[in-house]
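Me: I would like to learn how to read a few features of a structure. Please begin with the ligand.

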Amino acid sequence: MSETSVKSMEAIVSLCKRRGFIYPASEIYGGINGFWDYGPLGAQLKKNLRDAWWQDMIMNPCWGRSGPDGDRVRCVPVETRIIQHPRVWEASGHVGGFNDPMQTCKQCKKLLRADHVPDLLAESEWVASLAGVAGRAAQEQVLIEGTEVLKWTGGKGKKLAANLAIYRDAEASVRIVAKLRETTTPIALAEVIRIIGNTSSAENPWPCPICGGELTEPRPFNLMFPTVIGATGDWESDRAYLRPETAQGIFVQFKNVVDTTRVKVPFGIGNTGTSFRNEVTPRNFTFRSREFEQAELEFFCHPEESQEWYRFWRDFRMEWWQSIGLRGDNLILREHEKDELSHYSTGTSDVEYRFPFTAPGFGELEGIAHRGCFDLTQHQQFSGTKLDYFDTDRGETLPNGSKKGERYIPHVIEPAAGLDRGALALLCEAYTRDESRPSPEIMRFHPRMAPIKAAVFPLVNKDGMPEVAEKLHAELFRRFGHAGFIETDAKQSIGKRYARMDEAGCPYCFTIDGQTLTDQTVTVRDRDTGGQERIGLDKVKTYLEERLGV
Ligand code: ATP
């Protein structure tokens, strides 16, 4: 097998489009920046991820394990609305503080998140072009005078970055030329970027990564999407917001859940759904979108037990992502440094994945935060409704043997996952190129995540084979159809049909051939090895049950 380990994001994005995983939203109108739609295979992939989260976090939390208190972990779901009372977002701090520093390019007018500018520069085509010119000049020991080096060769760079600051700025040019004179080896991209502007100070600012123009000073930009409720259209009195996270819906319903169900602290409330953030620079495919889905759990516990619960959830969440196929060095659990923590948090960890566009670095899939009693206290203060909890299992033991009880505001551990980022990590992890195969692109999804669970093929579309295939397909569909597609296809050569299934990530293909009609066996083809074996027609269902885990 000759697999390539470096994965190209371009190849992944192209396969996602070609095979119906992810499409640009509103594509026939030219697309809309920061929004993506899922095609048939992508929608099912995401559903499998959401279902696995729901099953392993709410229905059978932590696979039936006991928590640090020795009891089984207990969780219940809610489904709360995208639009909440505007005061919710004042209490949560989103209206006042949910800001990213933003810069505008004075030339091309693009808005950019200040902390993304260095990364965007590293990816910028004109910087790569400049590095090429500079590198060649250095290699050929060309004596560069004045601003000569900055005259783009071949016109490409000039077209890409017509407003390049250094192209117009004589002082910056002289600085670069001086630096290039010292260089005798091809100059690294990073070095060019460093020379162009290694700080964002007033004297030496970063240029615009898109056109090379001058950027404004960073200023705060609120990420909340405002909207207006009702017919008056008054932006002041009727303003509301699309939620930037699903978590606040949980805190707001905490009292109702406690009062109307039999939950007792410690317990969790889970919520999944769409969130919106007006990201300044949406990028990296679906990784940073303006509309995305979250799966969040708020786990309420006694303050004294909260550190143990924090460690418990942090470790379980890492194990969970591994269990659905994100393994090896590409997945890490990163504990935040003290200076990264929010003022109310005593511990936060991120589960991070090495995406092709972050490599060798990592990007966050989920944050697990110890939030203390911050959110309930804030909502108690802003709403004027008591949100403490009366724990009848705590306090002094009374003469009759019962407990006196203790009143407290529970502490909260929040594992907050992103389902779109999760699906993107599954796609990147699954993508494999194997040049020794007739069709080299294979999506090696974990069977639980695979959108197509199995395919049934008649080897040829005659001689009684289609009828047997049809019957097996119907049987498998009844048993596994709730968890994904069961495909059947009689067109094209069997090799082409296998290749199509490899690209879609279908783990098992069953083929009905001449031998099936005589001895009631079928071939099973394994996606990952390409190997085949024969099993009884009546064993196919059990074979899949043992491997799919659904
Ligand atoms: P980032 O630092 O990447 O902006 P965050 O720390 O603000 O993310 P949280 O508020 O902790 O993110 O949200 C929980 C999860 O929601 C994230 O781990 C991520 O998976 C997902 N998420 C957040 N913002 C986006 C986005 N713009 N697009 C897609 N998913 C997102």
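Reply: Start with a single contact: a polar side-chain atom of arginine 277 is 2.9 Å away from an oxygen atom of the ligand. Keep in mind that this is a predicted model.

Me: How do I decide that such a pair is a polar contact?

Reply: Look for a pair of N or O atoms within 3.5 Å. Serine 289 offers another case, with a polar backbone atom 2.8 Å from a nitrogen atom of the ligand. In arginine 421, an N or O atom of the side chain lies 3.0 Å from an oxygen atom of the ligand.

Me: How much of the ligand's accessible area does the protein cover?

Reply: On its own the ligand has 600 Å² of accessible area, and the protein covers 81% of it.

Me: Which elements give two or more residues to the shell around the ligand?

Reply: They are strand 11 (291-301), strand 14 (363-372) and strand 17 (411-418). Strand 14 gives the largest share, three residues.

Me: Which residues come nearest to the ligand?

Reply: There are 14 residues around the ligand, and those that come nearest are Arg277, Glu279, Arg288, Ser289 and Glu364. Sorted by class, the shell holds six charged, four polar and four nonpolar residues.

Me: Now the backbone. Where are cis peptide bonds found here?

Reply: Read the omega angle of the bond. Between valine 265 and proline 266 the peptide bond is cis, with omega about 5°. Proline 266 sits in the loop that runs between helix 12 (254-260) and strand 10 (267-276). Another cis peptide bond joins alanine 359 to proline 360, and omega is about 5° there too. Proline 360 belongs to the loop between strand 13 (347-353) and strand 14.

Me: What about phi? Which residue has a positive phi although it is not a glycine?

Reply: Aspartate 463 is one of them, with phi about 60°. Its place is the loop between strand 20 (452-458) and helix 16 (465-480).

Me: Is aspartate 463 buried or exposed?

Reply: The cut-off for exposed is over 50% relative accessible area. Aspartate 463 has 54% relative accessibility, so it counts as exposed.

Me: What does glutamine 520 show?

Reply: Glutamine 520 is not a glycine either, and its phi is positive, about 60°. The loop between helix 18 (514-519) and strand 23 (521-526) contains glutamine 520.

Me: Why does glutamine 520 count as partly exposed?

Reply: Partly exposed covers values between under 20%, which is buried, and over 50%, which is exposed. Glutamine 520 counts as partly exposed because its relative accessibility is 47%.

Definitions and conventions. Residues numbered from 1 in each chain as written. Predicted model: local features only at pLDDT ≥ 70, side-chain atom pairs only at ≥ 80, totals over all residues. Heavy atoms only, no water. Near = heavy atom within 4 Å. Polar contact = N/O pair within 3.5 Å; in protein donor to acceptor, adjacent residues only side chain to side chain. Areas by Shrake-Rupley, 256 points an atom, 1.4 Å probe, with all protein chains shown as cover. Helix = DSSP H or I, 4+ residues; strand = E, 2+ residues; numbered from the N terminus. Nonpolar A, V, L, I, M, F, W, Y, C, P; charged D, E, K, R; others polar. Buried < 20%, exposed > 50% of the residue type's maximum accessible area, 1.4 Å probe, protein only.
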